[in-house]
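Visitor: Please show me the model, and then I will ask about it.

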Amino acid sequence: MYNSPYLRQNTSVRRVMGTVMVAMLPAITVQVWLFGPALIAQLAIASLTALACEAVMLGLRGRPVAPALTDLSALVTAWLIAVCLPPLLPWWATVLGTSFALIIGKHLYGGLGQNPFNPAMLAYALLIVSFPALMSQWPGLQSADAATQFGWVFGGERVVDGMTGATPLDALRTGLLTGGDVGAVMQSPAFGHVAGAGWEWVALAWAAGGLLLLALRIITWHIPVAFIGAMALVSAIGWLIDPTQFASPAFHLLAGGTLMGAFFIATDPVSGATTPRGKLVFAAGIALIAWLIRAFGAYPDGIAFAVLLMNICVPLIDMKTQPPVFGHKKGDAP
Amino acid sequence: MISALLVMLGLALALGAALGAASVLFRTQGDPLVDKIDAILPQTQCGQCGYPGCKPYATAIAGGEADINQCPPGGDEGVRKLADLLGREYKPLNAEHGVEKPKAVAVIDEATCIGCTLCIQACPVDAIVGAAKQMHTIVADLCTGCELCVAPCPADCIAMVPVADTVDTWKWRYPVFELKPVTHAPAKEAA
Amino acid sequence: MLRQLFSFNGGVKPDPNKGASTREPIARLPLPPQLIIPLHQHIGGTPRPLVKAGDRVLHGQRIGAADGNVSSAVHAPTSGTVVAVEPRLMPHASGLSAMAVVIEPDGLDLRVEREPFDWHAATPGEVRDHLRDAGVVGLGGAVFPSHLKLSAGKAGSTDTLVINGAECEPFITCDDMLMRSEPLDILRGAQVMKTLLAAKQVLVGIEDNKPEAAAALKAAAAELGDPALDIVVVPTRYPAGGAKQLIRVLTGIEVPHGQRSTDYGVQCFNVATALAVWNALERGEPLTRRIVTVAGNVERPRNFDVAIGTPIGFVFEHAGLKPDTDKLIMGGPMMGVPLPGVEAPVVKATNCLLASSPALFPPPEPEMPCIRCGECARACPADLQPFELYWHSRSRNFGRAQEYHLFDCIECGCCAYVCPSHIPLVDYYRYAKSEIWARERDKDAADSARERFEFRNWRAEREKEEKAARLAARSAAKPVAKTAEVADTATSPADAQAATPAVTDPKKALIEAAMARARAQKEAAAAKNTDALTPDQQAQVDAAEARRKRAADLVAEKQAATAGETATVSPDAPAPSPAEPGDGAR
């Protein structure tokens with residue numbers, strides 16, 4: 001027995017998640033092109049781990065396995081984890097991070113739709129706190145052939161020098177800590193045009209995928225606009241105060257995970273704010289905290305911590321930003 | 001070392017004084033707890049709890065004399081609400097006081113009624129109209145279903161009739177949340 | 001002149017599916033062998049039946065009288081014989097029965113004298129009473145008694161009268177076809193309403209997918225030459241036909257839930273209601289027929305002019321139900337209610353009868369967890385946060401659901417339509433609403449019981465004091481006091497029970513005597529009963545009647561003995577507070 005409405009739009013969680021995965025493809029392609037095929041191995045490891053964890057946890061919780069496993073939500077989490085991690089990370093670290101995200105971050109809170117924290121960012125935070133050295137080793141541009149890269153991921157010895165380098169954000173922070181200024185550090189060829197050779201293209205590919213999500217109405221404009229706007233604003237303020245200590249807004253927008261975070265991480269509906277005004281507050285808060293961590297904190301990029309911190313604030317934000325109900329606008333007593 | 005102890009002692013005294021002052025300044029008048037409990041009780045006034053009415057039972061609960069699971073008309077939900085209000089552990093209804101029944105109203109068989117007025121005196125909510133030697137009748141809208149009129153009736157002419165759903169009082173059911181996977185396989189084969 | 005239109009947030013655009021049933025004009029459906037006319041077909045009080053089984057009724061005769069002002073009358077749609085006044089299956093999701101008048105038409109269709117009502121000369125109050133007694137209710141689906149909406153609000157006068165011809169729900173075309181066939185009378189009805197409301201302008205809102213209807217009304221408006229009439233074509237977007245949404249689109253005014261739109265200077269009626277008002281006033285015809293769209297999984301989708309009370313199965317026979325039909329729906333696919341059976345009748349609210357098949361309306365996919373994607377909030381025309389309502393309704397946290405404005409939900413179904421998790425969101429809201437209503441009823445009953453209980457205790461206390469005072473006065477005169485008497489008064493149910501066995505002996509004897517008489521009468525009646533083979537209950541009734549005959553001498557016999565013991569209890573009790581309709585939650 002079911003009741004009205006009898007008509008339903010042809011839509012499903014699977015379709016939404018599938019679209020997100022498609023929108024991730026441009027950035028994945030660019031990242032593979034620039035940094036080598038190790039990312040594909042990471043995607044595979046994370047996907048398999050995520051599916052296995054999901055199946056085991058659903059089984060333990062006594063929930064139907066098949067529909068939840070095929071809703072693709074676990075794969076989206078897995079892919080988001082894989083693209084955040086350094087491609088040359090050893091396989092066990094990826095497995096650890098992914099299973100932490102799925103088991104602790106998702107299922108212990110009640111599964112899909114119930115997790116207060118973004119699972120992918122939980123995995124990232126766990127790994128960067130536990131293995132800071134491993135997490136800072138990114139491959140250089142076209143640095144190694146496929147076989148070598150896969151060899152690194154799946155064991156074998158790790159000869160870091162020469163093969164890997166710091167991310168631009170990392171290099172900047174190290175440079176500033178060792179007494180350099182922004183201008184000098186940026187002279188290094190690794191910094192490319194704006195925010196690190198190659199990194200700019202990855203960032204733009206994320207933006208392209210994000211625009212696709214916007215066009216397909218999977219996400220709304222609020223979070224990306226507030227995120228990018230707030231990041232530009234606070235970094236511009238810092239840069240205007242002291243350009244030798246604070247990088248330019250252009251650098252902050254294109255470096256690290258800014259655009260990915262704006263379109264793919266902060267827009268996670270489950271752990272994010274849901275009201276239109278709440279989304280603006282939520283995204284701006286992430287951008288502000290991320291910039292603060294980048295500028296003053298101990299970690300090179302702060303998106304993950306910023307997202308987790310703002311996740312905590314979501315219930316409050318949502319409660320305080322309820323949109324006016326039809327007929328109850330402008331001072332009418334509710 | 002001494003200074004630390006003194007600081008702690010000073011703090012303890014200051015805070016204790018503040019608490020004491022607050023308890024005097026913000027003392028609440030009356031006993032709102034009884035009213036809160038009374039608001040949860042169904043007001044059937046049936047006395048099944050062992051107290052002469054809902055308010056006395058509420059007073060007894062507030063005073064710690066009665067347990068929260070003695071009200072069959074309030075049912076399981078009532079016990080849960082009381083447990084919630086009082087911060088106590090939920091416990092199932094005490095069968096000694098009766099079992100939860102669907103809501104019913106008393107109906108007088110007018111043929112058998114002898115007009116003795118005993119039920120009128122028993123009714124806690126004045127829901128029975130009639131006079132001596134006259135046939136009595138029960139105002140169904142006012143009847144709480146307490147059954148107190150049933151026992152005193154010497155002619156055994158009062159029956160409890162369950163209240164049936166009507167189109168106006170019918171409730172939508174709780175939507176079924178499917179926990180088990182739906183097996184689509186046979187349907188596909190059939191199609 | 002192009003009118004500035006406003007917009008409401010949200011809404012969806014499902015496939016209108018209106019083509020099939022608009023190909024042919026409205027057909028008049030013949031009378032069925034039996035008409036089942038429910039007494040309660042509108043919002044408000046249930047009418048009192050005016051006929052009983054065996055009565056002859058005429059076409060247009062009132063068979064149910066409005067119960068109070070918030071109610072409406074019911075009429076016989078043809079002449080015939082009343083075969084029963086009994087509970088019958090209702091076209092309601094509950095599948096429950098309610099009182100209905102069952103009429104067997106005699107085929108003569110004899111009418112009561114039709115008297116046009118001179119509404120120009122009558123006072124507004126008389127016009128409203130006439131409309132109430134003509135059974136005119138909102139025919140858009142809400143069936144709110146129209147006469148209640150035809151008085152000016154707090155502002156004194158109503159600025160705008162909105163006539164709703166939007167008909168936004170898929171498949172339904174009854175208003176469309178009515179506007180095409182009766183444009184003049186619809187507008188005349190609207191003019192009457194305009195006069196009653198003292199409105200300055202009449203805006204007829206029609207969705208832009210009904211160009212024929214809009215053209216017909218525009219031509220009719222030109223013919224009438226009333227500058228206050230304006231036919232406005234509005235963009236097609238479900239639920240533009242919701243009263244609040246259409247008022248918003250046409251005037252920009254947002255009427256909050258629970259408020260009367262006249263207080264905001266605007267009132268809204270369906271086109272069919274406008275026609276019903278015209279028929280009731282100018283032609284003296286009460287509301288006994290309506291246009292019903294029959295669509296969906298049928299051979300010949302079409303609009304029928306149906307006598308109210310016609311069994312739904314009879315209507316579907318004429319449209320040709322396809323064999324793979326799996327359920328029948330009253331209303332459209334977005335807000336319709338499932339019909340419990342084909343024997344349920346067409347009522348004033350029946351704008352559409354929809355046959356469903358698995359191919360047409362596939363059963364929903366299994367419910368998945370909510371991912372808070374916010375699609376529902378974007379689709380909600382009432383600017384609610386449907387997923388929050390869902391969370392709180394699901395966890396039975398009704399207080400929170402109300403804080404999130406559950407009762408502003410119009411149950412349009414947009415949220416469930418767009419939900420990627422296939423959650424039956426509206427079912428949760430219906431569940432929560434009916435639970436809250438039930439709790440409010442319980443609470444009202446409990447409050448009334450508490451009040452009556454406390455009053456009773458207070459009265460017992462008072463009587464005790466009075467008795468003590470009397471005794472004190474007597475004992476002052478006579479030092480030997482009988483204090484024991486004071487304890488005799490019952491103060492509470494427990495005491496009452498305790499006191500029962502202690503009744504004085506003469507009283508006991510009286511009861512015994514009365515019971516013996518009752519037994520004797522019962523036995524006498526039972527003996528008669530075995531011969532006549534009447535059921536037990538009949539026997540008891542006989543006994544009662546026999547007893548009542550002798551009641552007079554019985555009273556006389558024992559009057560002296562019982563004087564002073566009579567407990568006249570109930571007249572003292574406070575009047576039960578009338579249930580107040582339409583408080584904040586409703």
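Guide: What follows is a short set of questions and answers on chain C. This is a predicted model, in which local features need pLDDT of at least 70, side-chain atom pairs count only at pLDDT 80 or more, and totals for chains, interfaces and linings use all residues. Residues are numbered from 1 along each chain as its sequence is written, with chains lettered from A and ligands numbered from 1 in the order in which they are written.

Visitor: Which strands are the edge strands of the open sheet in chain C?

Guide: Strands here are DSSP runs of E, at least two residues, and helices are runs of H or I, at least four residues, numbered from the N terminus. Two strands pair if DSSP finds at least two bridges between them. The sheet has 6 strands in the order β1-β14-β13-β17-β15-β16, with mixed pairing. Pairing on one side only marks the edge strands of chain C, β1 (27–28) and β16 (337–338).

Visitor: Where does UniProt place the feature "binding site"?

Guide: The entry is unreviewed; UniProt positions follow the numbering used here, feature names are shortened, and annotations may be inferred rather than shown by experiment. The positions are C:C380, C:C409, C:C412 and C:C415.

Visitor: Is C:C415 buried or exposed?

Guide: C:C415 lies in helix α12 of chain C. A residue is buried if 20 or more other C-beta atoms, placed from the backbone, lie within 10 Å of its own, exposed if 12 or fewer, and partly exposed in between. C:C415 has 31 other C-beta atoms within 10 Å, so C:C415 is buried.
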